[in-house]
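Trainee: I would like to take a close look at a single part of this model and follow it outward from there. Where would you begin, and what should I keep in mind while reading it?

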Amino acid sequence: MSLYRDEGVVLRTQKLGEADRIVTLLTRRHGRVRAVAKGVRRTTSRFGSRLEPFMHVDVQLATGRTLDVVTQVETLGPFGPSICADYPRYTAGTAMLETAERLAAEEREPVLQHYLLLVGALRALADGSRDPGLVLDAYLLRGLAVAGFAPSFTDCARCGTGGPHRFFSVQSGGMMCQACRPSGTVAPAAGTVDLLAALLTGDWTAAEASAPRERREASGIVAAFLQWHLERGLRSLRLVERA
Ligand SMILES: [Zn+2]
């Protein structure tokens with residue numbers, strides 16, 4: 001049995017037996033890891049509350065035959081309680097954890113950029129400094145970008161002609177010029193496109209200056225873009241997980 005240490009975010013927990021849990025973590029150095037936390041559902045557990053979703057922890061794990069076993073936990077970022085206490089933060093955070101698990105497709109494959117993105121987004125949700133909906137959309141866009149699916153919000157996604165362009169195509173990966181425009185494109189408001197570009201680049205001053213109508217339209221576009229990539233890029237993964 002060998003021990004290793006890492007830091008990670010708790011993505012999900014599942015009951016196991018009478019008192020144990022299987023904890024899914026996105027770790028800094030080992031990517032997505034599933035591990036057994038023994039006795040954490042007992043009230044006397046030393047680290048049960050540290051292994052709840054949204055918590056940012058430093059963990060020591062023992063390599064097991066099938067699943068690793070959590071042997072020590074220290075809290076780095078106690079994000080759970082303040083995210084769970086506020087419904088908009090909780091729904092945004094839940095969508096972030098689910099997306100993180102799906103974008104970290106392979107177990108034990110490090111995804112450092114995505115890990116850092118998730119920790120930063122959860123910290124912003126927990127401290128309440130930014131609108132939860134904007135934090136979520138920025139995380140989703142940037143998460144897709146680091147997974148290799150960066151949308152283009154200025155140049156034409158097909159021919160590269162400099163923008164701004166009027167039309168957006170989920171399938172083509174962003175804004176499109178008049179000549180490349182396929183059928184089924186939408187024409188979002190210019191302010192919405194500016195907001196999407198600001199969220200992707202992390203320009204919070206511009207993002208927070210947006211109007212509610214632009215935020216709603218941007219959220220719809222981000223959701224469609226995410227769904228399109230998850231369904232295509234990760235279909236094989238879902239089949240593996242169900243089997
Ligand atoms: Zn074009």
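Mentor: I would begin at Val36, which has its place in strand E3 (strands are DSSP runs of E with at least two residues, helices are runs of H or I with at least four, and both are numbered from the N terminus). Please keep in mind that this is a predicted model, in which local features need pLDDT of at least 70 and side-chain atom pairs count only at pLDDT 80 or more, while totals for chains, interfaces and linings use all residues. Residues are numbered from 1 along each chain as its sequence is written, and side-chain values use heavy atoms, with hydrogens and water left out.

With a relative accessible area of 9%, Val36 is buried, where buried means under 20%, exposed over 50% and partly exposed in between, with a 1.4 Å probe and protein chains only. The C-alpha atom of Val36 is separated by 9.8 Å from that of Lys15, a residue 21 positions away along the chain.

The part I would look at most closely is the loop between E3 and E4, and two of its residues deserve attention. Ser49 belongs to this loop, and Ser49 counts as exposed because its relative accessible area is 56%. Although Ser49 and Pro81 are 32 residues apart along the chain, their C-alpha atoms are separated by 9.7 Å.

Phe54 lies in that loop too, between E3 and E4, but its relative accessibility is 2%, so Phe54 counts as buried. The backbone of Phe54 is also worth checking, since this residue has a positive phi of about 80° although it is not a glycine. Most residues other than glycine have a negative phi, and most peptide bonds are trans.

The side chain of Phe54 takes us out of the loop. The structure holds three aromatic pairs, a pair being two rings of Phe, Tyr or Trp (its six-membered ring) with centres within 6.5 Å, stacked if the planes are under 30 degrees apart, edge-to-face if over 60 and tilted otherwise. One of these pairs joins Phe54 to Tyr90 in an edge-to-face arrangement, with 6.1 Å from centre to centre and 75° between the planes. Because Phe54 sits in the loop between strand E3 (31-37) and strand E4 (56-62), whereas Tyr90 is in helix H2 (residues 87-103), the pair ties together parts that are 36 residues apart in sequence. Tyr90 has a relative accessibility of 36% and therefore counts as partly exposed, in contrast to Phe54, which is buried.

Phe54 can also be followed towards helix H3, where Leu118 has its place. The C-alpha atoms of these two residues, Leu118 and Phe54, are separated by 9.8 Å while lying 64 residues apart along the chain, and Leu118, with a relative accessible area of 0%, is buried. The loop between H2 and H3 holds Arg108, a residue other than glycine whose phi is again positive, near 65°; at 38% relative accessibility, Arg108 counts as partly exposed.

Moving further along the chain, the loop between H4 and E6 contains Ser152, which at 19% relative accessibility counts as buried. Ser152 and Met176 are 24 residues apart in sequence, yet 8.8 Å apart in space from C-alpha to C-alpha. Pro164 is found in the loop between H4 and strand E6 (167-169), and the peptide bond that leads from Gly163 to Pro164 is cis, with omega near 5°.

The last stop is the zinc ion, coordinated at 2.3 Å by the SG atoms of Cys156, Cys159, Cys177 and Cys180 (donors are N, O and S atoms within 2.8 Å of the metal, or 3.2 Å for Na, K and Ca). Along the chain these donors follow the spacing C-x2-C-x17-C-x2-C. The angles subtended by the four donor atoms run from 101 to 115°, which makes the arrangement around the zinc ion tetrahedral, a label given to four donors if all angles lie between 85 and 135 degrees. Cys177 and Cys180 are both buried. Among the aromatic residues, finally, Phe153, Phe168 and Phe225 form one cluster.

Methods
Four donors count as tetrahedral if all angles lie between 85 and 135 degrees; four count as square planar and six as octahedral if opposite donors are over 155 degrees apart and all others between 65 and 115; anything else is irregular.
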